[in-house]
Protein chains: 2
Amino acid sequence: MSEELYNENTSIPFGKSGLIQKIKEKTSKYNSQTVFSIGDDASVSNFKDTEMVLSKSLIFAEGIHFDLTYTPLKHLGYKVVTAAVTSIYAMNAKPIQISIALSVSNSIMQKHILEFYDGVHAACKNYVIDLIGGDITTSKKGITIAAFVTGIAQKDEIVFRSGALPTDLLCVTGDLGASYLGLQLLEREKTIFNSNPNVQPELKGYEYVLRRQLKPESPKDLTDYFKKKAVKPTSMISLSNGLASEIINLCNSSNVGCEIFQERIPISSEAEKLAKEFNIDPVIAALNGGEDYELLFTIPLSDYEKIKNNDMFSIIGSINTLDKGRNIVMQDGTIITLEPSLNNQTFQNVQ
Amino acid sequence: MSEELYNENTSIPFGKSGLIQKIKEKTSKYNSQTVFSIGDDASVSNFKDTEMVLSKSLIFAEGIHFDLTYTPLKHLGYKVVTAAVTSIYAMNAKPIQISIALSVSNSIMQKHILEFYDGVHAACKNYVIDLIGGDITTSKKGITIAAFVTGIAQKDEIVFRSGALPTDLLCVTGDLGASYLGLQLLEREKTIFNSNPNVQPELKGYEYVLRRQLKPESPKDLTDYFKKKAVKPTSMISLSNGLASEIINLCNSSNVGCEIFQERIPISSEAEKLAKEFNIDPVIAALNGGEDYELLFTIPLSDYEKIKNNDMFSIIGSINTLDKGRNIVMQDGTIITLEPSLNNQTFQNVQ
């Protein structure tokens, strides 16, 4: 292909072609829809007999969406893929392909780019998706990442945000707030380290919250679970922002109200413990934190028997008519109106 | 949809939802493949009975790929779309959809974003493509743009870089070097203006080269022309970098050599004139300048009768076996080996 030689210590962009070749060599093909991937002006696919689900173009900017002081590049590559595929799962679809472009300054070494793509490749294997594009351009400063994902579904399987109906059960996968608390921990240790570089960061015992922040996983088995149980959610949305914002987004799209119960919001014991240490209410971390990459969805009440006792998601409340508002019932019985958090973008808690 | 109000003088990201709603309202749907576009976690499409051609994720960074001192945002929106669709035309395919995300600092006004999207919408109309995503996130400084395009083609219509064969004619659409010279003109006037803001820029008489730099057009009718003439190129590549680099890329992919003739390289009279003013050889501008967004392709010699006397492209040389090298025959008969230009990315000539 290219005559350019690859040297891991040379900078971008002069080693660009050799680097893309290196990334291409490590790229596996998992899906028959991908006909031709990296190495031309565009890739070629065939999506016969399925609807195609296309994500937005997503942008992640250094200093805004991630901090390289404490984010290993391999984890960052993995996290970008997780963030991107979650938007496809949120349509009740199966992700198939991802295209990832980087804009990096000349000070970045090629080996760093390959570390990033190692994470991308690991995530592609986990989510069984094909990397179909890997462009690299120059930036004046820092790293910016763009991602785009394709997915498939049968037409009648696709779930939008807009279908929630009164009496539907409101459900959420996994647990919430851990990613936000993991970030607070990393920020605290960074501050301590900056004022005294001899102090080693104290991260022991917090492996779970750190993993939720640095290398989150998307609930990839949910779509299959629904198929097996013959259940179709009436609406679904990804939880890239805090729970409160996303509930409000879903309710706005569906033109409904809702009631959720504080005690039913799933929070891990490690997150509870760390929240106490930080004097943060863990429920506030769940409502406003963000970056959970879980799924929020609604199920008809009549399907309750089919989905009870599952270990993938929790029922946190139910949908009401619009006039009832969007409320959270606290443990002491007081009712509070849900408000969107100020953080209204993914990866955005850094600084 | 969102309850957030739109106010053109507020900054991003707090007005984000209102702004995306505003962009959505201005978005037309041109293609039946687009089932559902902006307003959920992902868009939905149906590409039954066609192959699908997917671009790379493309990134354009302020200060590297564009300079807002002299680039109107509306033109920038148009140019990003032109750059992106050219990669689909280069596969002999028809672009169908584009997704564009922006990462902007808080100092950017919403009205500026809408100006950018006005250019995007104008380009979508021109290229008959649907805008299917318009995400906006925050950056620490400056604007970064990510774009992703989808296109369609019948399987046997798709053209790769890798099919060129000895004796094929090497052809290029439009004319070359004007965009690069337009950029030199803008940079010169910027330098003059910076040292003396009372001097008005002298741009009269250079409308063509400026348009080629600021609001370039992609040769969108070429695919239809090939169909009408029953000609299929054996290879094709987009000219985002200089002609020399892209010829070498095409020859590398096809494992062939080539010979081109200096006198056949299409250069506009305005570009010739401006090159003289700058003491630049216009052929060097064509070979190394970049950002032409034209198409370079090869046609079997046996199809010469079908394509002669067309006004869309020029025959600049022919393909040789690999051992003959990649050469340019100068007007005085000397033969020079083609070398890739140092600029190896799109939009990259600024600074």
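Me: Which way do S10(B) and strand S12 of chain B run where bridges join them?
Reply: They run antiparallel, with 5 bridges joining S10(B) to strand S12, residues 294-299 of chain B. Keep in mind that this is a predicted model.

Me: Got a residue pair I can click on? What stands opposite B:Ser235?
Reply: Try B:Thr298 in S12(B), which stands opposite B:Ser235.

Me: And how many residues of strand S10 in chain B are buried?
Reply: 5 of its 5 residues, so "mostly covered" fits strand S10 (residues 235-239) of chain B.

Me: OK, over to chain A. What's the strand order in the open sheet there?
Reply: The order is S10-S12-S9-S13-S11-S14-S15, 7 strands in chain A with mixed pairing. At the edges sit strand S10 (235-239) and strand S15 (335-337) of chain A, each pairing on one side only. On average, neighbouring strands of this sheet are turned by 25° against each other, direction ignored.

Me: What packs on that sheet?
Reply: Helix H7 of chain A, residues 243-254. Among the strands H7 touches are S9 (169-173), S12 (294-299) and S13 (313-320) of chain A. The direction of H7 makes about 150° with that of S10(A).

Me: How do S11 and S14 of chain A run, parallel or antiparallel?
Reply: Parallel: 4 bridges join S11 (residues 257-261) to S14 (residues 326-329) in chain A. One spot to look at is A:Glu259, which stands opposite A:Asn327 in S14(A).

Me: Switching to cysteines. How many disulfides are there over all chains?
Reply: The count is 0 over all chains. Take A:Cys251, which is in no disulfide; its nearest cysteine sulfur, that of A:Cys258, is 3.8 Å away. A:Cys251 is also buried, with a relative accessible area of 1%.

Me: And in chain B, why is there no bond between B:Cys258 and B:Cys251?
Reply: Because the sulfur of B:Cys258 is 3.8 Å from that of B:Cys251, its closest cysteine sulfur, and that's too far for a bond. The cut-off for a disulfide is 2.5 Å. B:Cys258 is buried too, at 0% relative accessible area.

Me: How are the two copies related?
Reply: Chain B can be laid on chain A by a turn of 180° and a shift of 0.0 Å along the axis, with an RMSD of 0.0 Å. The two copies are thus related as by a two-fold rotation axis. In chain B, the C-alpha nearest the axis belongs to B:Lys48, 2.5 Å from it.

Me: Do they meet through the same surface or a different one?
Reply: The same one, because 100% of the interface residues of chain B are also interface residues in chain A.

Me: New topic: B:Ile38. Where is it found?
Reply: B:Ile38 is in the loop between strand S1 (34-36) and strand S2 (42-46) of chain B.

Me: Buried or exposed?
Reply: B:Ile38 is buried, with a relative accessible area of 8%. Leaving out residues up to four places away in sequence, B:Ile38 touches B:Ile20, B:Lys24, B:Thr27, B:Leu131, B:Ile132 and B:Gly133.

Me: Last one, helix H3 of chain A. What span should its 18 residues have?
Reply: At 1.5 Å a residue, H3 (residues 110-127) of chain A should span 26 Å, and its end C-alpha atoms are 26 Å apart, so the two agree. The buried residues of H3(A) include A:Ile113, A:Phe116, A:Val120 and A:Tyr127. Just after H3(A), A:Val128 takes a positive phi of about 55°.

How values were computed:
Residues are numbered from 1 along each chain as its sequence is written. Chains are lettered from A and ligands numbered from 1 in the order in which they are written. This is a predicted model: local features need pLDDT of at least 70, side-chain atom pairs count only at pLDDT 80 or more; totals for chains, interfaces and linings use all residues. Side-chain values use heavy atoms; hydrogens and water are left out. Two strands pair if DSSP finds at least two bridges between them. Helices (H or I, at least four residues) and strands (E, at least two) are DSSP runs, numbered from the N terminus. Axes are lines fitted to C-alpha atoms, for helices over the stretch in contact, and angles run from 0 to 180 degrees between N-to-C directions. Contact means heavy atoms within 4.5 Å. Buried means under 20% relative accessible area, exposed over 50%, partly exposed in between (1.4 Å probe, protein chains only). Copies are superposed by least squares on the C-alpha atoms of residues with pLDDT of at least 70 in both. The expected span of a helix is 1.5 Å times one less than its number of residues.
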